[in-house]
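Here are a few short exercises to work through with the model open beside you. Try each task before reading its solution.

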Amino acid sequence: MTSRITVLATGGTIAGIAGSAIAKDYVAGQITIEDYLEEVGGLGLGAEFSGRQIANIDSADIGPEVWNALHPAVIEALADDDCDGVIVTHGTDTLEETAFLLDLTLPASKPVVLVGAMRPADAVGYDGLRNFANAVRVASDADAAGRGVLVVMGDRVFGARDVRKVRTRGTDAFRGFPRESVALVTPSSLEWFGAPWRPDAVAQFDWCDALPEVVILYAHAAMDAVAVERMIGQDARGVVVAGVGEGNMPEVVRQELVRQRASGLHVVRASRADEGLVDREAEDDANGFTAARALNPQKARILLQLLIANGITEPAAIQRVFDGS
Ligand code: SIN
């Protein structure tokens, strides 16, 4: 049966052009969704596509403006009886942040799949068509519903909470932590590892057009409290520490954050280590800090922004949500 897929395009390398098959440099977000779907239409992927250009930019520039256009477009597609699944094309650099934000704020009623590419469309070995064909396979599968937002890169499917870009080059740039991939996919096969985990399908948090400012502090040896105070500034409602090891930081920095916590700043301890599980420690209770558990700093930031926006600001309540992540 032919599936009906809505493709929402935001740019990235999957729509990038180098002007040469072997050039290293290229410009992301050059091909329009109309041109892309014309090419994809010839591949015989067993799907009908309707496309919409939300943006056509490098994902380093993605933020609230694009998210505020993308989120309602996905909601509209999910409500459309003529849509079986949604694919969002996206640059790989911040793909994990958009995927997690959508995962937290969308119902899991139909498949929503983010996909990108590591090589521009005119490069030898362009991975974008293969990744897109795999994404079509996932977005067409009714069993992909109830799993939240999914990310397809290479022949693997990742959960939005787990996925992270771990390499700057090469097509094997994504990994999942703590769960590795949740399925293996090719254009003609799809094998899930386990049952859907969001059977109730409802959105976990309300969408919010204006997310509060939350800064990420990258901890390092000899970090200085005055610099920390400057980085946090006047407007931040929260800070995520990309801590050393298991969410640790120099004592002067901890004392500065305890001081700022007393004036209402929310503090989440994550890790700058690649696969960093950060558990609560005894001092967190006294300090009113939160442990990020398995979330990396950039995802912990998105979650803290959403929690503050949804009025969840009590430290124990914040910790409960991070524990469930
Ligand atoms: C981007 O994130 O937009 C550029 C890099 C990529 O898509 O791989």
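**Exercise 1. Which residue in S12 is the bridge partner of leucine 217?**

Before you start, note that this is a predicted model, in which local features need pLDDT of at least 70 and side-chain atom pairs pLDDT 80 or more, while totals for chains, interfaces and linings use all residues. Residues are numbered from 1 along each chain as its sequence is written, and side-chain values use heavy atoms, without hydrogens and water.

Solution.
- Step 1: find strand S12, residues 238-243 (a strand is a DSSP run of E, at least two residues, numbered from the N terminus).
- Step 2: S12 runs parallel to S11, and five bridges join the two.
- Step 3: look across from leucine 217, and you reach its bridge partner in S12, valine 241.

**Exercise 2. Place this pair of strands in its sheet, and name the edge strands.**

Solution.
- Step 1: the sheet is open and made of four strands, ordered S11-S12-S13-S14, with parallel pairing (strands pair if DSSP finds at least two bridges between them).
- Step 2: strand S11 (214-218) and strand S14 (290-291) pair on one side only, and these are the edges.

**Exercise 3. Describe the surroundings of the ligand, beginning with the residues around it.**

Solution.
- Step 1: collect the residues with a heavy atom within 4 Å of the ligand, and you get Gly12, Thr13, Tyr26, Asp58, Ser59, Gly91, Thr92, Asp93 and Ala117.
- Step 2: sort this shell by class, which gives two nonpolar, five polar and two charged residues (Gly counts as polar, Tyr and Ala as nonpolar, Asp as charged).
- Step 3: look for polar contacts, pairs of N or O atoms within 3.5 Å. A polar side-chain atom of threonine 92 lies 2.5 Å from a ligand oxygen. For serine 59 the distance to a ligand oxygen is 2.6 Å, and for aspartate 58 it is 3.3 Å.
- Step 4: check the cover, and you find that the protein hides 96% of the 250 Å² of accessible area the ligand has on its own (Shrake-Rupley method, 1.4 Å probe).

**Exercise 4. Where do proline 178 and alanine 201 lie, and what marks their backbone?**

Solution.
- Step 1: proline 178 is in the loop between strand S8 (174-176) and strand S9 (183-186). Its bond to phenylalanine 177 is a cis peptide bond, with omega about 0 degrees.
- Step 2: alanine 201 is in the loop between strand S10 (189-192) and S11. Although alanine 201 is not a glycine, its phi is positive, about 65 degrees.

Conventions: Polar contact = N/O pair within 3.5 Å; in protein donor to acceptor, adjacent residues only side chain to side chain.
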